[in-house]
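Student: I would like to learn how to read a model feature by feature. Where should we begin?

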Amino acid sequence: MSDAMIRVSSEVRNRLAVLAESRGTSIRSLVQEFAESTLTDEERAERAKRTRAYLAEHFGVEVSDEESSDMGRRLRAAFAAQLGDVA
């Protein structure tokens, strides 16, 4: 695997260094972890499609787009409340 340079501002680099240090890792590992664990819009849509199919097949539950959007909003609000943010 060859390395590549990614240009960011010094503020971003400094922030990445703080985040990496707080996790006991390097900036390189932090960026790699982000790249490996973050889904694209297409990947999220495919995962949602597979999840809906699984729920329908195994539990007989059909989830509409509206229900899915509503649950997403409720989950984001719950996570924000847990973190002390205003939802």
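Tutor: Begin with one helix. This is a predicted model. Helix 3 covers residues 41-59, 19 residues in total. Its first and last C-alpha atoms are 26 Å apart, close to the 27 Å expected at 1.5 Å a residue.

Student: What comes right after helix 3, and what is the sign of its phi?

Tutor: Gly60 follows helix 3, and its phi is positive, near 70°.

Student: How does the span of helix 4 compare with the expected value?

Tutor: Helix 4 has 18 residues and reaches 26 Å, close to the 26 Å expected. Just after helix 4 comes Gly84, with a positive phi of about 85°.

Student: How many helices and strands does the protein chain have?

Tutor: Four helices and zero strands. Read from the N terminus, the order is α-α-α-α.

Student: How do I read the overall dimensions?

Tutor: Set the radius of gyration against a reference. For a compact globule of 87 residues the reference is near 12 Å, but the protein chain has 19 Å. Then look at the box. Along the principal axes, the C-alpha atoms fill roughly 50 × 40 × 20 Å.

Student: What share of the residues counts as buried?

Tutor: Buried needs a relative accessible area under 20%. In the protein chain, 5% of the 87 residues count as buried. The protein chain exposes about 7900 Å², and carbon and sulfur atoms supply 54% of that area.

Student: How many charged side chains of each sign are there?

Tutor: There are 13 positive and 16 negative side chains. The centres of the two sets lie 4 Å apart.

Student: How many salt bridges does the structure hold?

Tutor: Six. The test is a side-chain nitrogen of Lys or Arg within 4 Å of a carboxyl oxygen of Asp or Glu. One of the six joins Arg28 and Asp3, at 3.1 Å from N to O. That pair links distant parts of the chain, 25 residues apart. Arg28 is in helix 2 (residues 27-37), and Asp3 is in the segment before helix 1 (10-22).

Student: Are Arg28 and Asp3 buried or exposed?

Tutor: Arg28 is partly exposed, with a relative accessible area of 48%. Asp3 is exposed, at 58%.

Student: How should I read a salt bridge inside one helix?

Tutor: Use the helical repeat. An α-helix has 3.6 residues a turn, so residues three or four places apart point the same way. Now the case here. Arg44 and Asp41 both lie in helix 3, three residues apart, about one turn of the helix. Their side chains meet in a salt bridge of 2.3 Å, N to O.

Student: What is the relative accessibility of Arg44 and of Asp41?

Tutor: Arg44 has 41% and counts as partly exposed. Asp41 has 53% and counts as exposed.

Student: Which residue forms a salt bridge with Asp70?

Tutor: Arg73, with the closest N and O atoms 3.8 Å apart. Asp70 and Arg73 are three residues apart in helix 4 (residues 65-82), so about one helical turn separates them. Salt bridges that share partners join Asp70, Arg73 and Arg74 into one network.

Student: How exposed are Asp70 and Arg73?

Tutor: Both values fall in the partly exposed class: Asp70 has a relative accessible area of 30%, and Arg73 has 46%.

Student: How do I relate separation in sequence to distance in space?

Tutor: Pick a pair and read both numbers. Asp70 and Arg47 are 23 residues apart in sequence and 18 Å apart in space, C-alpha to C-alpha. Gly24 and Glu42 are 18 residues apart in sequence and 32 Å apart in space. Ser2 and Ala17 are 15 residues apart in sequence and 22 Å apart in space.

Student: Where do Gly24 and Ser2 lie?

Tutor: Gly24 is in the loop between helix 1 and helix 2. Ser2 is in the segment before helix 1.

Student: Are Gly24 and Ser2 buried or exposed?

Tutor: The cut-off for exposed is over 50%. Gly24 has a relative accessible area of 68%, so Gly24 is exposed. Ser2 is exposed too, with a relative accessible area of 68%.

Definitions and conventions. Residues are numbered from 1 along each chain as its sequence is written. This is a predicted model: local features need pLDDT of at least 70, side-chain atom pairs count only at pLDDT 80 or more; totals for chains, interfaces and linings use all residues. Side-chain values use heavy atoms; hydrogens and water are left out. Helices (H or I, at least four residues) and strands (E, at least two) are DSSP runs, numbered from the N terminus. The radius of gyration is taken over C-alpha atoms; the globule rule is 2.2 Å times the number of residues to the power 0.38. Buried means under 20% relative accessible area, exposed over 50%, partly exposed in between (1.4 Å probe, protein chains only). Accessible areas come from the Shrake-Rupley method with a 1.4 Å probe; for residues, only the protein chains shown count as cover. Lys and Arg count as positive and Asp and Glu as negative; His and the chain ends are not counted. The place of a charge is taken as NZ of Lys, CZ of Arg, CG of Asp or CD of Glu. The expected span of a helix is 1.5 Å times one less than its number of residues.
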